[in-house]
Structure formats: C-alpha cells, structure tokens
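Please open the model in a viewer and keep the selection panel at hand. The stops below are arranged so that each selection leads on to another.

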Amino acid sequence: MQSKLGKYEIKSELGRGAMGVVYLAEDQRLGRPVALKTMSPSVAGDPELLKRFYREAQSAGQLRHPNIVTIYDIDEAEGIPFIAMEYLEGESLEKIIAQRKDLPVVKKLDIISQSCKGLHYAHQHGIVHRDVKPANIVVLTDGMVKIVDFGIARIGGGSMTRTGVVMGTPMFMAPKQVLGHTVDARSDIFSLGVILYELLTYRNPFRGDDITAILFKILNEPPAPLTTVLPNCPAQLENAVARALAKNREERYQSAEDFAFDLQQVGDYLKKHTVQLFVEQGQRSIEEGNLTIAKEALQKVLEIDSGHNVAKTLLGKVQEQIYTRQRAQKIEQALRRAKEFLQS
C-alpha cells in the first residue's frame, strides 16, 4: 500500500472495486481525514471510464448540501487520478438492508426523506443522479444521510451516454431508464421509491430470477401492495410508495421535495401514535410494578420526543422507585449477611 498520494498521507484501505481503491487518508495541511477514491492506471487508460470518473467530481463538486457527500479536490499523482472527498463514518443502506436491521419505521422514513432533500437540491441545480441505489446512500453514525457516487450523473442538457444506452442498476431503474430514454428527476424519485419499499419490507418490489424478468416487472407489473407484506401499514404510506413507483412518470411525484413532505407527514403521524403506545405501556407497567419495563418504554418515548413532559415526569418517578427498591434490597442483603455472621 502506498504511504502518500499527492499532499495526502494514506492511513488505511477502505475498500476496492473494478475502478480502483478507496483509502482513508489525511490532508496534512488541514489535519482533516478524507476518503481518497483512486483509479487504477489500467482503468485510467480507458477514455470513457476516465470521463465517468471525472464526471463524479464535476457533478458532486458543484453541490453543497448536508445530504450530499462533499468533494474537496480532484488531482493526479504518480499517474493515478484521484478524488478527495468527505470521509463518512457510517454504513450504507445496502448493508443495513442485507443485515435486515430492526429499525423503527419512523427512522426508515427519515432516511429516505433526507435522501429526497439531497436529490431535490441536485435536481434544482440541473443534476440527475441516475444510479440511486442502497449502496449509494450512507447513514452516518449520528443519523445524517449522505448521497454518494454521481459517476453517471446527467448534468444539465448534457449526458455521458447516447439515448438508447442504459446506465444504472437494473433493480432500481425507472421504466424510462430501462428503455434507454432520456431521464429526469422523476427517474431518481422512482429509484427512491424502490429503495423505500425494500427498506420497509426487506424485499425488492421487482424481484425476478434474472435481469429480463426484473426489467419486465419494472415495465409492466405493479409491486405487491405494502399492506400485504407490512402489517399495520398506514394508508398514507401505502399511497406515497405507490405514487413514487407509478409507471407513468406524469403520475409520479414531480419533485423529490413533494415526496419528502408526504413521508414527513406519515412520520409525524407514526411518532404520535408510537409515543402514545409507549406512554400507555409505561403507565400500565408502573401500576403492575414492572419498573424495568416501564423505564424502557418511557425512555423510548423520550428518544422519539425529548420534550414529552408526561414521559419525563413518569420516568423520574420510576427511576426514584427503582433506586428506593435497590437500596432496600442492599439493606436487606446486609442484614441477612450480618445475621448469618452472628449465627456462625
């Protein structure tokens, strides 16, 4: 492994793929960690792939938004082209879905809502991502979401590819994209709809035995209704997913901002409903003397709504009761040991 590339000191390898290697490095002048995405010399000799590599820096480099990875620099050293970008500590949605992580629905909606906001900003600046998929959405350790890899983005009226040439990841492509037609923001919205469906159910809405079957379903078959695979799915959420996945893009959300708004509405409804259930569980557990369960339920309320006064008050009482009970148990244990000592 190289120790340095340009002004960047390489610390470790983060991953590698067909194009090249990604390193964790440090900008020594600023003392800032960065992710260095390099292109191997053998691949760099391909003009089309090199163009795609630089397209990523050109497109994402124009964007400054909390939900889009920040590009710091693009350069070449020792014959190796590289992009220096924001180092992201977290995990991709691809990994979260593969592990079938037990996330609250509210959290899943927030992830897609943040993704919508980042894409809407890109769309406003004339950039269509064209490869929106779980691997290109990263959830940071603090809950912030970042969209990455604008390598095949369409910028303004220009495109890397001719009409009729399909670019993207098949399972997440919109119908127009499958057909090789010119795409717009609504193609990215369709891809986000597919991701949301998969994140909610841990199954892709257009599963098939091969690429042909998958593409046929995208073009012709609606996915199974969310209610058949997601118990107690609110009607508003079912409608939002169906609209995002409309085959006809005129019937789809016309902006990612509108999609985000509807998801936030559903999220607010679910938060209120979930908070009410946990408060009731906490109150019931207090009455039954199950203080540990009551504490857990009330803490979940405050994780969702940190300003919930009823939960705060009840949690304070529960913690006091738990402390009193623990102190009584310690006194009882001390007395029992003293009694045993006297008897011996």
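Select Glu91 and Val139: Val139, in β9, is the bridge partner of Glu91. This pair belongs to a predicted model, and the tour should be followed with that in mind. Extend the selection to β7 and to strand β9, residues 137–140; the two pair in the antiparallel sense over three bridges. Adding β10 completes an open sheet of three strands, in the order β7-β9-β10 and with antiparallel pairing. Its edge strands are β7 (90–92) and β10 (145–147), each of which pairs on one side only. From one strand to the next, the twist averages 25 degrees. Now display helix α4, residues 105–124, which lies across β9 and β10 and runs at about 45 degrees to β10.

From β10, move to Asp149, in the loop between β10 and β11 (154–155). Show the residues around Asp149: apart from those up to four places away in sequence, Asp149 touches Lys37, Glu56, His129 and Asn136. For a sense of scale, draw a distance from Asp149 to Glu296; their C-alpha atoms are separated by 40 Å, and the two residues are 147 apart along the chain.

A point of caution comes next. Colour the chain by pLDDT and select residues 157–166, where pLDDT stays under 50. The model has 20 contacts beyond four places in sequence for residues 157–166. Where pLDDT is low, the predicted coordinates should not be read in detail. The protein chain as a whole averages a pLDDT of 89, and 94% of the residues score at least 70.

Turn now to the other sheet. Select β1 to β6: this open sheet of six strands has the order β1-β2-β3-β4-β6-β5, with antiparallel pairing. At its edges stand β1 and β5; each has a single partner strand, so one side of each is left without a neighbour in the sheet. Strands of a sheet pair through backbone hydrogen bonds.

Begin at the β1 edge. Strand β1 (residues 4–5) and strand β2 (residues 8–16) run antiparallel and are joined by two bridges. Lys4 stands opposite Glu9 in β2, while Leu5 has Tyr8 in β2 as its bridge partner. The hairpin formed by β1 and β2 has two residues between the strands, and Gly6 in the turn has a positive phi of about 60 degrees. Proceed from β2 to strand β3 (residues 21–27), which runs antiparallel to β2 and is joined to it by seven bridges. Within this pairing, highlight Glu13 and its bridge partner in β3, Tyr23.

At the β5 side of the sheet, display α2. This helix lies across β4 (32–38), β5 and β6 (80–86), running at about 25 degrees to β6. Then select Thr70, in the loop between α2 (47–60) and β5 (71–77). Beyond residues up to four places away in sequence, Thr70 touches Arg64, Met85 and Glu86. Thr70 and Gln299 are 35 Å apart in space, C-alpha to C-alpha, and 229 residues apart in sequence.

Which residues have the most contacts inside the largest nonpolar core? Select Leu93, Ile112, Leu192, Leu196, Leu237 and Phe259, which hold that place in a core of 66 residues. Helix α6 (residues 185–201) gives the most to this core, with nine residues. Centre the view on Phe259: setting aside neighbours within four places in sequence, its contacts are Ile112, Cys116, Ile189, Leu192, Gly193, Leu196, Ala240, Ala244 and Tyr253. A second, separate core of 14 residues includes Val279, Leu302, Leu315 and Ile322.

For the last stop, select Arg249, which is found in the loop between α9 (235–244) and α10 (256–288). Is Arg249 buried or exposed? Its relative accessible area is 17%, so Arg249 counts as buried, the cut-off being under 20%. Its side chain reaches the backbone oxygen of Thr182 at 3.5 Å. Show also the residues in contact with Arg249, leaving aside neighbours within four places in sequence: Lys176, Thr182, Val183, Asp184, Arg186 and Gln254.

Terms used:
Residues are numbered from 1 along each chain as its sequence is written. This is a predicted model: local features need pLDDT of at least 70, side-chain atom pairs count only at pLDDT 80 or more; totals for chains, interfaces and linings use all residues. Side-chain values use heavy atoms; hydrogens and water are left out. Helices (H or I, at least four residues) and strands (E, at least two) are DSSP runs, numbered from the N terminus. Buried means under 20% relative accessible area, exposed over 50%, partly exposed in between (1.4 Å probe, protein chains only). A polar contact is a pair of N or O atoms within 3.5 Å; within protein, one must be able to donate a hydrogen and the other to accept it, and residues adjacent in sequence count only if both atoms are side-chain atoms. Contact means heavy atoms within 4.5 Å. A nonpolar core is a set of buried Ala, Val, Leu, Ile, Met, Phe, Trp, Tyr and Cys residues joined through side-chain atoms within 4.5 Å. pLDDT is the predictor's confidence in each residue, from 0 to 100. Two strands pair if DSSP finds at least two bridges between them. Axes are lines fitted to C-alpha atoms, for helices over the stretch in contact, and angles run from 0 to 180 degrees between N-to-C directions.
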